[in-house]
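Hi,

Here is the structure I promised to pass on. Could you have a look at it alongside my notes below?

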Amino acid sequence: MKHVLMYVLGLFMVAGGINHFVNPRVYVRMMPPYLPWHGPLVFWSGVAEVLLGVGLLVPGTRTVSAWGLIALFVAIFPANLQMALQPERFRKIPRPLLWARLPLQGVLILWAWWYTQAAGT
């Protein structure tokens, strides 16, 4: 089961990263105003999601990719908070779902942490 869930997380990250390139305006709207370079940050976070998602599936890079995913989930938390604080910018998403994204970051962090252990993965 752990192995199957690793593929689910890896593919989820790759798909999410690709979506940064397909729908960048959505991600730019999520960016907190205090952060500079919204476009480049969206681009590079998409690159990171794709690379770390693929890296999670490669035994030789799994552990470092899992740690990278943890760092990425922490780094994107302000964007998820920004969404919850400005629901008028995301009218197609119900407000409770905007707030549900915040604890989901913790779940994703724990999920990635599961793969930081080199043995048995």
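Phe21, Phe43 and Trp44 come together as one aromatic cluster. Bear in mind as you look at these side chains that this is a predicted model. In total there are 3 aromatic pairs in the structure. For Phe43 and Trp44, the ring centres sit 4.9 Å apart with the planes at 85°, so this pair is edge-to-face; the cut-off for that label is over 60 degrees. How exposed are these two residues? Phe43 has a relative accessible area of 39%, so it falls in the partly exposed class. Trp44 comes out at 55% relative accessibility and therefore counts as exposed, the line being drawn at over 50%.

Next, the largest pocket. Its space comes to about 720 Å³, and 30 residues line it. If you want to find the middle of it on screen, go to Tyr27, Met30, Glu49, Ile76 and Arg101, the lining residues that lie nearest the centre. Five helices each give two or more residues to the lining: H1 (2-22), H2 (24-30), H3 (38-57), H4 (62-85) and H5 (95-113). Which of them gives the most? That is H4, with 8 residues. As for chemistry, the lining splits into 22 nonpolar, 5 polar and 3 charged residues.

I also looked at Val28, which is found in helix H2. Its relative accessible area is 31%, so Val28 is partly exposed. Leaving aside residues up to four places away in sequence, Val28 touches His38, Gly39 and Val42. Another residue to check against it is Ala79: the two are 51 residues apart in sequence, while their C-alpha atoms are 9.2 Å apart in space.

Finally, the record. The UniProt entry, which is unreviewed, carries the annotation "transmembrane region" for residues 6-22, 34-58, 64-85 and 97-115. I compared two of those spans with the model. Residues 6-22 are 100% helix and 0% strand, with 24 Å between the end C-alpha atoms. Residues 34-58 are 80% helix and 0% strand, and there the end C-alpha atoms lie 36 Å apart.

If you only have a few minutes, I'd start with the Phe21, Phe43 and Trp44 cluster and then move on to the pocket lining around Glu49 and Arg101.

Cheers

Note on methods
Residues numbered from 1 in each chain as written. Predicted model: local features only at pLDDT ≥ 70, side-chain atom pairs only at ≥ 80, totals over all residues. Heavy atoms only, no water. 1 Å grid on protein atoms, 1.4 Å probe; cavity = no way out; pocket = protein on both sides within 12 Å on 5 of 7 lines; lining within 4 Å. Points joined across faces, edges and corners; volume = space filled by probe spheres on them. Helix = DSSP H or I, 4+ residues; strand = E, 2+ residues; numbered from the N terminus. Nonpolar A, V, L, I, M, F, W, Y, C, P; charged D, E, K, R; others polar. UniProt positions renumbered as here; feature names shortened; annotations may be inferred. Phe/Tyr/Trp six-rings, centres within 6.5 Å; stacked < 30°, edge-to-face > 60°. Buried < 20%, exposed > 50% of the residue type's maximum accessible area, 1.4 Å probe, protein only. Contact = heavy atoms within 4.5 Å.
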